[in-house]
Amino acid sequence: MQFIKRSSRSRAHRSVLVLALVASPVATRGQSPTVVPDTSSESHGRFFTGHDAVLAGAFALGTVAMFPLDQRIAHDMAGSSLKSNSFVKHAADAFRVTTIPGSTVIGGALYVVGRAAHIPRMADLGLHGTEALLVGQALGSLAKGTLGRARPYMVADSNAHDFEFLRGFRKGNDYSSLPSGHTIAAFAAASAVTAETSKWWPHSTPYVGTLMYGGATMVAFERLYNDKHWASDVMLAAGIGIFSGLKVVKFNHDHPDNRVDRVLLSGSIVPAPDGGARFIWTLVP
C-alpha cells in the first residue's frame, strides 16, 4: 500500500512537471516584446529578427528534449488520480471547447461588435486575434499532415516515435498528432491579445498575460490529460502559437496601411432609406 501511495504521488509530481515545462517557455519569454515595442534598428521593418530566431530555437530544442519523455509522461497521466476526478475532467473539457471553436467565435464577435459600436480597439483586437489563429492553424495543419505522427491513443501510449511522411494528409486526425492544434490556437490567442492590449493599455500586461497564458497552458494540459497528444506535441504547438500571435500583431502595427486592415477596419454603419441600416465600406487609399 505504501508503494502504491508513493507511486501515485510520483506520477502526480511528474504531471505537475509536465505542466511547468509547457508553461516555462512563456515565462522565460518575458513581457518585453509586448510591454515595450521593439524599436531597435535590427527589428524595425523586419518580420523575422534575431530575437525570433532565439525563441524558435528554444522551442525547437524543448520539443526535441521532450521526445525521450513522451511515453513516460503519457503513462503517468494515464495512471494519475486526476483521471478519475470529475471536476478536473469537466474543467479540461471546458478549456477545450473555449479554445476551439470558442476562440474563433469570440474573435469574430469582438470584431463585429467593435465595428458596429465604433470601438476601433475592440475591432482591432478581434480581427488581429482571429488572424493569429488562422496563421497558427495553417502552419500547424501543414506540419500535422507532413509529419504524420500517431496520436497516443492509437498506440496505447507505447510508441511516441510512430511518424510517417505525409500520413496525416492520407489518414486524417488519428495520425496528425504533432503539433497540437488546440494548443496552437490557445497560445496564438494569448500572445495576440497580450501584445495587442499592451499597445494601448501597457499596465494591464501582467494581468492580461497571466490570465491568457495561464488559460493556454491549461489547454495544453487538457490535451495531455485526454490522451490526445504527446508532451512534445504541445511544446511545439505553444511555440507556433506564440510566434503567430506576436508576428501578426507586429506586422499589422508596423504596416497599418496593409490591405486587410484597410478593408476590414474601415467603413461605417449608416441609416438606410427604408428605416433600417446598412454598412458602407470606406477604402483608405
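**Helix packing and local geometry**

Student: At what angle do helix α5 (residues 86–99) and helix α6 (residues 102–116) pack?

Tutor: The model is predicted, and its helices α5 and α6 offer a convenient starting point. Their axes are 4 Å apart. The angle at which α5 and α6 pack is about 45°.

Student: Is α5 roughly parallel, roughly antiparallel, roughly perpendicular or oblique to α6?

Tutor: The angle between the two helices is about 45°. Roughly parallel requires an angle under 35 degrees, and roughly perpendicular begins at 65. The value therefore falls in neither range, which makes the arrangement of α5 and α6 oblique.

Student: Which residues of α6 make the contact with α5?

Tutor: From α5, the contact is made by Val97, Thr98 and Thr99. The residues of this contact divide into one nonpolar, five polar and no charged. On the side of α6, the partners are Gly102, Ser103 and Thr104.

Student: Which proline follows a cis peptide bond in the loop between α5 and α6?

Tutor: The cis bond has an omega of about 10° and begins at isoleucine 100. The residue joined to isoleucine 100 is placed in the loop between α5 and α6. That residue is proline 101.

Student: What is omega for the cis peptide bond that joins leucine 178 and proline 179?

Tutor: Proline 179 has its place in the loop between α8 (167–171) and α9. Its cis bond to leucine 178 has an omega of about 0°.

Student: Is α7 roughly parallel or roughly antiparallel to α9?

Tutor: Helix α7 spans residues 120–147 and helix α9 residues 181–200, with axes 8 Å apart. The two pack at an angle of about 150°. An angle over 145 degrees meets the criterion, so the relation of α7 to α9 is roughly antiparallel.

Student: How do the residues of the contact of α7 with α9 divide by character?

Tutor: The crossing of these helices is right-handed. Among the residues that meet are Leu125, Ala132 and Leu133 in α7, and Ile184, Ala188 and Trp200 in α9. By character, the contact divides into ten nonpolar, seven polar and four charged.

Student: What distance separates the C-alpha atoms of leucine 133 and glycine 181?

Tutor: Leucine 133 lies in helix α7 and is buried, with a relative accessible area of 5%. Beyond four places in sequence, leucine 133 is in contact with Ser103, Thr104, Ala185, Ala188 and Ala189. Glycine 181 is 48 residues away along the chain, yet the C-alpha separation is 9.9 Å.

Student: Which backbone oxygen does the side chain of serine 191 reach at 3.4 Å?

Tutor: Serine 191 is found in helix α9 and is buried, with a relative accessible area of 0%. Its side chain reaches the backbone oxygen of alanine 188 at 3.2 Å. Outside four places in sequence, serine 191 touches Tyr213, Gly241, Gly245 and Leu246, among others. The backbone oxygen at 3.4 Å from the side chain of serine 191 is that of isoleucine 242.

Student: Is the crossing of α3 and α11 left-handed or right-handed?

Tutor: The axes of helix α3 (residues 50–66) and helix α11 (residues 231–254) come within 7 Å and cross at roughly 165°. That angle makes α3 roughly antiparallel to α11. The contact includes Leu55 and Phe59 of α3, together with Ile242 and Phe243 of α11. The crossing is left-handed.

Student: Which residue supplies the backbone nitrogen that the side chain of aspartate 52 reaches?

Tutor: Aspartate 52 is found in helix α3 and is one of the residues in the contact with α11. Its relative accessible area is 5%, so aspartate 52 counts as buried. At 2.9 Å, its side chain reaches the backbone nitrogen of threonine 49.

Student: Where is aspartate 157 placed?

Tutor: Phi of aspartate 157 is near 60°, a positive value in a residue other than glycine. At 7% relative accessibility, aspartate 157 counts as buried. Its place is in the loop between α7 and α8.

Student: What percentage of the residues in the chain is buried?

Tutor: The chain has twelve helices and two strands. Residues 24 or more positions apart account for 71% of the contacts with a separation of 6 or more. Of the 285 residues in the chain, the buried ones make up 43%.

Terms used
Residues numbered from 1 in each chain as written. Predicted model: local features only at pLDDT ≥ 70, side-chain atom pairs only at ≥ 80, totals over all residues. Heavy atoms only, no water. Axes fitted to C-alpha atoms, helices over the stretch in contact; angles between N-to-C directions. Parallel < 35°, antiparallel > 145°, perpendicular 65-115°, else oblique. Left-handed = near helix turned anticlockwise from the far one by under 90°. Contact = heavy atoms within 4.5 Å. Nonpolar A, V, L, I, M, F, W, Y, C, P; charged D, E, K, R; others polar. Buried < 20%, exposed > 50% of the residue type's maximum accessible area, 1.4 Å probe, protein only. Polar contact = N/O pair within 3.5 Å; in protein donor to acceptor, adjacent residues only side chain to side chain.
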